[in-house]
Amino acid sequence: MSWKISISILGSLAVLGATPGFSTGQPEFQSGVQMGYTYGQNGAGFPSFGKDPLGNPGRAGFYLAQLRLKAKVAFDSTFSAVAVSNIYNADVQEAYLEKRVRNYTFRAGKIRGAGLKSGSGTDEFERIAVNAPRYARFWAAYKRILGLRDFGIQAQGDHFGGKLSQRLFFHNANWQNVINDEPSFFSGNPAQAAGIDYSVDWRISEFTAWGASVGGLADHQWSEFIGDEEGWKVGNWLRSNPIVDASLNHQMDVGRFHLFDEGMLLYNRQIINPVDSGSSKMWGVSSLVRFDLTPRTVPFFRYEFFDPTDGAGGLDNLNMFTLGVIFRPNPVAYPGLKLTTQYLRSLEDGAVNSIPNDLLISQLEMVF
């Protein structure tokens, strides 16, 4: 079934490539797989929201994270179509059209848009550690971005030879591909959702880069935006907005040494009633150090601090330590082949380890 869906997508792209008026090109394909073995208390995958994040029973076994097929058709030098499918579970992760106009790029469809750098800003095959930081996974859940992708339109501007990149993303922010059908389907989910994210990356020098993001979403009914006031007022809309977030990141590259620091803050008004009474917030920071010991061997270390409720939910913050190594058997002949092995330990509030939560993951990645 998953292969049929992927073939259908590629067939659609081939038809688009044959549209009169464009110089057709040969489709480009790329495939990749990420699978591994995990052993420990937390297992692999996303945490179960609403449960104790450290309370999962011990488990071990193989997992398949990505079985990816990517296709790209260039209609001309500035216009192309891209589809990315995780075919083992028939998940069309990305499907979009891309148009470049001078130093601007426009994308429309289902994409990995602007936002948190370690979240939507980093593809699964470009990560150093196997998992994104824990706060990044919670960020995606609160932002209602399924698989770190969403339906929308993005404009990107590149300046100073690509050293400065700005992205503005308008998207659904409700996990849905919204299709209007009149008369409206009464029992369906409300479609009054609006998400906007802006992010910027600035490579100041060959050694230093800075980045930031800011975003927000609202998914109330329009009557809640307007409230009791007459007419539509921006101030009332902002008061009803349940999610607002911001982040800052810094990257340093000196020879074989690489450092990436990030901090994220997210305000959530949704669980507070009435909305004007206050906000809950979650925040997290991380620091990842990578050292290119040899072309084959790359050790790394990541520290994370994450507080999902900022004290409102009790002493629930976590200190997470990840120690790992990336091994590439032949980085020249097979640059897309690597094995990542990492050990993760989480300490609860007060730097205690009352619930066993050690986690060992070994993941094989192949890109063709």
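Here are some notes on this structure, which is a predicted model, for someone opening it for the first time.

1. **Start with helix α2.** This helix spans residues 134–142, and it's mostly covered, with 7 of its 9 residues buried. The buried ones are Arg 134, Tyr 135, Ala 136, Arg 137, Phe 138, Trp 139 and Ala 140. If you look for what covers them, you'll find strands β10, β11, β12 (280–291), β13 (297–307) and β14 (318–327) among the elements doing so. After the helix comes Arg 144, which has a positive phi, near 60°.

2. **The largest nonpolar core.** General background first: in soluble globular proteins, nonpolar side chains tend to be buried together. Here the largest core of that kind holds 16 residues. Leu 116, Tyr 135, Trp 139, Met 264, Leu 266 and Met 282 have the most contacts inside it. Both α2 and β11 (257–268) supply at least two residues each, and α2 gives the largest share, 5 residues.

3. **Tyr 135 up close.** What does Tyr 135 touch, leaving aside residues up to four places away in sequence? The list runs to Leu 116, Ser 118, Glu 262, Met 264, Met 282, Gly 284, Val 285, Ser 286, Phe 305 and Phe 306. Tyr 135 is also one of the buried residues of α2, so it's worth clicking on while you have the helix in view.4. **A second core.** There's another core, separate from that one, made of 7 residues. Tyr 63, Val 130, Leu 344 and Leu 359 are among them.

5. **A nonpolar patch on the surface.** Nonpolar side chains also turn up on the outside, in a patch of about 1,000 Å². Its residues are Met 35, Tyr 37, Tyr 39, Phe 62, Leu 64, Tyr 88, Phe 327, Leu 339, Tyr 343, Leu 360 and Leu 364. Strands β1 (28–40), β2 (59–74), β15 (337–348) and β16 (359–367) each give two or more residues to the patch, with β1 providing the largest share at 3 residues. Take Leu 364 as an example: this residue sits in strand β16, and its relative accessible area of 31% makes it partly exposed.

6. **Salt bridges, beginning with a buried pair.** The whole structure has 17 salt bridges. In one of them Asp 123 pairs with Arg 68, and their closest N and O atoms are 3.0 Å apart. The two come from distant parts of the chain, 55 residues apart: Asp 123 is in the loop between β5 and α2, while Arg 68 is in strand β2. Buried or exposed, what are Asp 123 and Arg 68? Both are buried.

7. **Asp 197 and Lys 143.** This pair forms a salt bridge too, with 2.7 Å between the closest N and O atoms. Asp 197 belongs to strand β8 (residues 194–203) and Lys 143 to the loop between α2 and β6, so the bridge ties together parts that are 54 residues apart in sequence. Asp 197 counts as buried because its relative accessibility is 2%, and Lys 143 counts as buried because its value is 0%.

8. **Asp 253 and Arg 203.** Here the side chains meet in a salt bridge at 3.1 Å, N to O. Asp 253 lies in strand β10 (residues 243–254) and Arg 203 in strand β8, so parts 50 residues apart in sequence are tied together. Asp 253, at 13% relative accessibility, counts as buried, whereas Arg 203, with a relative accessible area of 27%, is partly exposed.

9. **A network of charges.** Some salt bridges share partners, and in that way Arg 68, Glu 94, Arg 112, Asp 123, Glu 124 and Arg 149 are joined into one network. You've met two members already, since Asp 123 and Arg 68 form a bridge of their own.

10. **Two loop residues with positive phi.** Most residues other than glycine have a negative phi. Arg 102 isn't a glycine, yet its phi is positive, about 55°. You'll find Arg 102 in the loop between β4 (91–101) and β5 (104–111), and at 83% relative accessibility it counts as exposed. Phe 160 isn't a glycine either and has a positive phi of about 55°. This one is in the loop between β6 (150–159) and β7 (164–171). Is Phe 160 buried or exposed? With 61% relative accessibility, Phe 160 counts as exposed, because the cut-off for that is over 50%.

Definitions and conventions: Residues are numbered from 1 along each chain as its sequence is written. This is a predicted model: local features need pLDDT of at least 70, side-chain atom pairs count only at pLDDT 80 or more; totals for chains, interfaces and linings use all residues. Side-chain values use heavy atoms; hydrogens and water are left out. A nonpolar core is a set of buried Ala, Val, Leu, Ile, Met, Phe, Trp, Tyr and Cys residues joined through side-chain atoms within 4.5 Å. Buried means under 20% relative accessible area, exposed over 50%, partly exposed in between (1.4 Å probe, protein chains only). Helices (H or I, at least four residues) and strands (E, at least two) are DSSP runs, numbered from the N terminus. Contact means heavy atoms within 4.5 Å. Patches are made of residues with over 30% relative accessible area and no salt bridge: like charges are joined within 9 Å, nonpolar side chains (Val, Leu, Ile, Met, Phe, Trp, Tyr) within 5 Å. Accessible areas come from the Shrake-Rupley method with a 1.4 Å probe; for residues, only the protein chains shown count as cover. A salt bridge is a side-chain nitrogen of Lys or Arg within 4 Å of a carboxyl oxygen of Asp or Glu.
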